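Please work through the following exercises with the sequence and the model at hand. Each task is followed by a solution in steps.

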Amino acid sequence: MAQDCGFVGLGQMGAPMARNLLKAEPLTVVSRRPQQAADFAALGARVVADAGGLAGCDLVFLCLPDGKVVEDVLFGVPSLARVLPPGAAIVDTSTIEYQRTLTIAERLKADGLTYIDAPVSGMQARAEAGTLTMMCGGEAAAIERVRPACARMASTILHMGAVGSGQLAKLINQLLFDINAAALAEILPVAVKLGLDPEKTATIVNSGTGRSYASEFFVPNILRGEFSKGYPLAAAYKDLVSGAELSAVNAIPMPLLAAATAIYQAALLAGHGEKDKGGMICHIEDRLGVAFRANATGDGA
């Protein structure tokens with residue numbers, strides 16, 4: 001591929017995505033962390049300190065924590081939008097708000113740039129394997145242009161529709177996942193409170209009809225008391241805010257989402273924001289005086 005590629009956002013998801021892209025593409029990455037910069041330089045990347053160093057790139061990937069950071073990179077000082085050549089494409093794999101996505105796309109279009117919202121699903125393990133699912137919003141021709149580079153990071157690339165459609169699709173997926181995670185946090189401690197063995201209960205859930213991706217990922221970690229394998233709860237909360245905004249703006253009732261959101265909020269208020277979504281269970285456990293852990297037992301009914 002003849003495009004000069006850049007990558008901004010070398011976090012938990014972005015770093016492995018950039019490494020996979022680097023295997024086949026000359027790549028310029030933005031990093032201010034000395035060890036990370038040295039690691040990527042050793043892999044053959046060109047490393048720059050800020051978005052201004054991406055001048056001349058005709059394809060730039062973003063993988064940033066929220067919409068404000070995306071806007072700061074694109075329109076702040078230095079401004080990525082100001083240094084890219086006309087016709088360059090920006091593929092934003094961040095998960096941000098739908099309305100903000102539309103605004104960003106319009107601003108970039110006025111600058112002669114193409115914006116594709118392309119949030120990803122699959123968590124860190126699939127980012128490392130290059131097998132993410134990427135949901136793209138934008139013009140079909142633009143998405144086909146960047147598809148070969150995207151395929152270095154994602155095994156499933158879906159064109160969902162116009163700009164913003166990728167974020168909407170990601171949000172639908174995330175809200176279902178979020179509700180599942182909240183349900184685990186509420187119900188599993190009840191099992192222990194009523195005297196069931198946590199390990200046996202976990203086996204039943206993950207081999208029975210209660211199974212979900214959330215249960216398969218989080219329940220084994222909960223049994224070990226491990227709450228650092230996924231995205232931090234405080235950062236993930238933005239998806240619930242986006243869901244509430246869609247519900248309010250479109251007058252669509254979402255009572256299950258509202259109930260799940262209350263569990264997230266209670267866990268955040270209790271100080272569990274640095275834990276992953278499995279860590280929501282800690283708040284319910286504290287309230288019930290039990291622990292859903294290997295070798296733990298309930299107090300009987």
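**Exercise 1. A glycine in a loop**

G130 is placed in the loop between α6 and β8. The model is a predicted one. Determine whether G130 is buried or exposed, and state which residues distant in sequence are in contact with G130.

Solution. Step 1: the relative accessibility of G130 is 11%, so G130 counts as buried. Step 2: once neighbours within four places in sequence are set aside, the contacts of G130 are N20, R152, M153, A154 and S155. Step 3: a C-alpha to C-alpha distance can be set beside the separation in sequence; G130 and L158 lie 28 residues apart in sequence and 15 Å apart in space.

**Exercise 2. The cysteines**

Establish how many disulfides the structure holds, and explain why C136 does not form a bond with C150.

Solution. Step 1: the number of disulfides is 0. Step 2: the closest cysteine sulfur to that of C136 belongs to C150 and is 5.5 Å away, which is too far for a bond. The cut-off for a disulfide is a pair of cysteine sulfur atoms within 2.5 Å. Step 3: seen from the other side, C150 is in no disulfide, and its nearest cysteine sulfur is that of C136. Step 4: C136 is buried, with a relative accessible area of 2%, and C150 is buried with a value of 1%.

**Exercise 3. The nonpolar cores**

Identify which residues touch the most other members of the largest nonpolar core, and which elements each supply at least two residues of this core.

Solution. Step 1: the largest nonpolar core has 33 residues, and F7, M17 and F61 touch the most other members. Step 2: at least two residues of this core come from each of β1 (5-8), α1 (14-22), β2 (27-30), β4 (59-62), β5 (89-92), β8 (132-137), α7 (140-150) and β9 (154-161). Step 3: take F7 as an example. Without its neighbours within four places in sequence, F7 is in contact with G14, M17, A18, L21, L27, T28, V29, V30, F61, C63 and M153. Step 4: another core, of 30 residues, lies apart from the largest one and has A181, L188, F218 and M280 among its members. Step 5: return to α1, where 8 of 9 residues are buried; these are G14, A15, P16, M17, A18, N20, L21 and L22.

**Exercise 4. A charged residue in a loop and one in a helix**

Find where E25 and D178 are placed, and decide for each whether the residue is buried or exposed.

Solution. Step 1: E25 is in the loop between α1 and β2, and its relative accessible area of 3% makes E25 buried. Step 2: E25 and C5 are separated by 20 residues in sequence, with their C-alpha atoms 7.3 Å apart. Step 3: D178 belongs to helix α8 (residues 165-193) and is buried, with a relative accessible area of 0%. Step 4: leaving aside neighbours within four places in sequence, D178 has contacts with D239, L240, Y264 and K277.

**Exercise 5. Helix packing**

Describe how α9 packs with α10: at what angle, and through which residues? Then state which helices the buried residues of α13 pack against.

Solution. Step 1: helix α9 (residues 198-207) and helix α10 (residues 213-224) pack at an angle of about 175°, and their axes are 10 Å apart. Step 2: this angle makes α9 roughly antiparallel to α10. Step 3: α9 contributes P198, E199, A202, V205 and N206 to the contact, and α10 contributes S215, E216, V219, P220 and L223. Step 4: by class, the contact of α9 with α10 comprises 6 nonpolar, 2 polar and 2 charged residues. Step 5: in helix α13 (residues 280-288), the buried residues are M280, I281, C282, H283, I284 and E285. The buried residues of α13 pack against α8, α10, α11 and α12.

**Exercise 6. Backbone angles**

Locate the peptide bond from V77 to P78 and give its omega. Then consider phi of M123, A251 and G289.

Solution. Step 1: the bond from V77 to P78 is cis, with omega near -5°, and P78 is in the loop between α3 (67-75) and α4 (80-83). Step 2: M123, a residue other than glycine, has a positive phi near 65° and lies in helix α6 (residues 123-129). Step 3: A251, also other than glycine, has a positive phi near 55°. A251 is in the loop between α11 (233-250) and α12 (255-269) and is exposed, with a relative accessible area of 64%. Step 4: G289 follows α13 and has a positive phi near 70°.

Conventions: Residues are numbered from 1 along each chain as its sequence is written. This is a predicted model: local features need pLDDT of at least 70, side-chain atom pairs count only at pLDDT 80 or more; totals for chains, interfaces and linings use all residues. Side-chain values use heavy atoms; hydrogens and water are left out. Buried means under 20% relative accessible area, exposed over 50%, partly exposed in between (1.4 Å probe, protein chains only). Axes are lines fitted to C-alpha atoms, for helices over the stretch in contact, and angles run from 0 to 180 degrees between N-to-C directions. Helices (H or I, at least four residues) and strands (E, at least two) are DSSP runs, numbered from the N terminus. Angles under 35 degrees count as roughly parallel, over 145 as roughly antiparallel, 65 to 115 as roughly perpendicular and the rest as oblique. Contact means heavy atoms within 4.5 Å. Ala, Val, Leu, Ile, Met, Phe, Trp, Tyr, Cys and Pro count as nonpolar, Asp, Glu, Lys and Arg as charged, and the others, Gly among them, as polar. A nonpolar core is a set of buried Ala, Val, Leu, Ile, Met, Phe, Trp, Tyr and Cys residues joined through side-chain atoms within 4.5 Å.
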